[in-house]
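Biologist: I would like to learn how to read a structure of this kind, one feature at a time. Could we begin with what it takes for two residues to touch?

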Amino acid sequence: MATKKTATADVFEFPAFDMTKMADGYREMADKSVNQTKENYAKVKTAAEDATKAIETTLETAQAGTVELSLKAIDAARGNVEHSLSHMEALLGVKSVAQMIELQTSFFRKQAEMMVDQAKIMQEAAKKVAEDVSKPTKTIAEKAMNEIKVA
């Protein structure tokens with residue numbers, strides 16, 4: 001009968017609970033969480049620093065590109081003014097209407113050729129500036145996408 005008594009007593013007893021095992025589990029979980037947080041913070045910090053550098057580089061490149069485009073525009077304007085002034089000088093020495101028409105035709109043809117050349121130069125310069133300005137941002141975006149694929 002003693003066995004019956006202990007069997008029923010075992011059913012109603014509270015199980016033995018070791019608080020140290022539970023505390024160790026919480027400690028491990030907290031340590032793991034802290035380590036993951038530190039790793040994530042380091043990644044975010046690196047990404048923010050890279051983005052800041054990219055923005056700085058982009059702004060510097062944009063400024064340099066703007067200066068380059070402005071200088072090309074000034075050169076184009078200077079060429080147009082010089083061509084117009086030399087045309088005016090040539091018109092002052094005209095002896096006949098036929099000579100004036102020939103000078104005017106030549107002037108307009110040359111002016112059109114200059115405008116086409118200047119447009120090509122400006123287009124190439126603007127394309128180069130746009131590529132240079134977008135390069136740092138593109139590099140950072142590609143790096144971020146690669147890191148996301150890895151993770």
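Modeller: Contact means that heavy atoms lie within 4.5 Å of each other. Please keep in mind from the start that this is a predicted model. With that cut-off, H87 touches L103, Q104 and F107, where residues up to four places away in sequence are not counted.

Biologist: Where does H87 lie, and is H87 buried or exposed?

Modeller: H87 lies in helix α2, which covers residues 19-92. A residue counts as buried when its relative accessible area is under 20%, and H87 is therefore buried, with a value of 9%.

Biologist: Which elements does the protein chain contain, and in what order do they run?

Modeller: The protein chain holds 3 helices and 0 strands, and from the N terminus on, the elements read α-α-α. As for contacts in the chain between residues at least 6 apart in sequence, 74% of them join residues that are at least 24 apart.

Biologist: How many salt bridges does a search of the whole structure find?

Modeller: The general idea is that side chains of opposite charge can pair when their charged atoms come close. In this structure, a search of the whole model finds 3 salt bridges. One of them joins D50 and K143, whose closest N and O atoms are 2.8 Å apart. This pair links distant parts of the chain, since D50 sits in helix α2 and K143 in helix α3 (residues 97-150), with the two residues 93 apart in sequence.

Biologist: Are D50 and K143 buried or partly exposed?

Modeller: The two partners fall into separate classes: D50, at a relative accessible area of 16%, is buried, whereas K143, at 37%, is partly exposed. The cut-offs that decide this are under 20% for buried and over 50% for exposed, with partly exposed in between.

Biologist: Which residues meet in a salt bridge within helix α2, and what separates them along the helix?

Modeller: The side chains of R78 and D75 meet in a salt bridge, with 3.3 Å from N to O. Because R78 and D75 are 3 residues apart in helix α2, about one helical turn separates them. R78 is partly exposed at 46% relative accessible area, and D75 is likewise partly exposed, at 48%.

Biologist: And what can be said of the salt bridge between D132 and K128?

Modeller: Here the side chains meet at 3.1 Å, N to O. Both D132 and K128 belong to helix α3, where they lie 4 residues apart, about one turn of the helix. D132 counts as partly exposed at 27% relative accessibility, and K128 counts as partly exposed at 42%.

Biologist: Let us turn to the surface. Which residues form a nonpolar patch there?

Modeller: A nonpolar patch joins residues whose nonpolar side chains come within 5 Å, provided that each has over 30% relative accessible area and no salt bridge. In this structure V67, L71 and I74 form such a patch, with about 260 Å² of accessible area together. V67 has its place in helix α2 and counts as partly exposed, at 46% relative accessibility.

Biologist: What do the totals for the protein chain say about burial and exposed area?

Modeller: Of the 151 residues of the protein chain, 9% count as buried. The chain exposes about 12,500 Å², and carbon and sulfur atoms supply 64% of that area.

Note on methods. Residues are numbered from 1 along each chain as its sequence is written. This is a predicted model: local features need pLDDT of at least 70, side-chain atom pairs count only at pLDDT 80 or more; totals for chains, interfaces and linings use all residues. Side-chain values use heavy atoms; hydrogens and water are left out. Buried means under 20% relative accessible area, exposed over 50%, partly exposed in between (1.4 Å probe, protein chains only). Patches are made of residues with over 30% relative accessible area and no salt bridge: like charges are joined within 9 Å, nonpolar side chains (Val, Leu, Ile, Met, Phe, Trp, Tyr) within 5 Å. Accessible areas come from the Shrake-Rupley method with a 1.4 Å probe; for residues, only the protein chains shown count as cover. A salt bridge is a side-chain nitrogen of Lys or Arg within 4 Å of a carboxyl oxygen of Asp or Glu.
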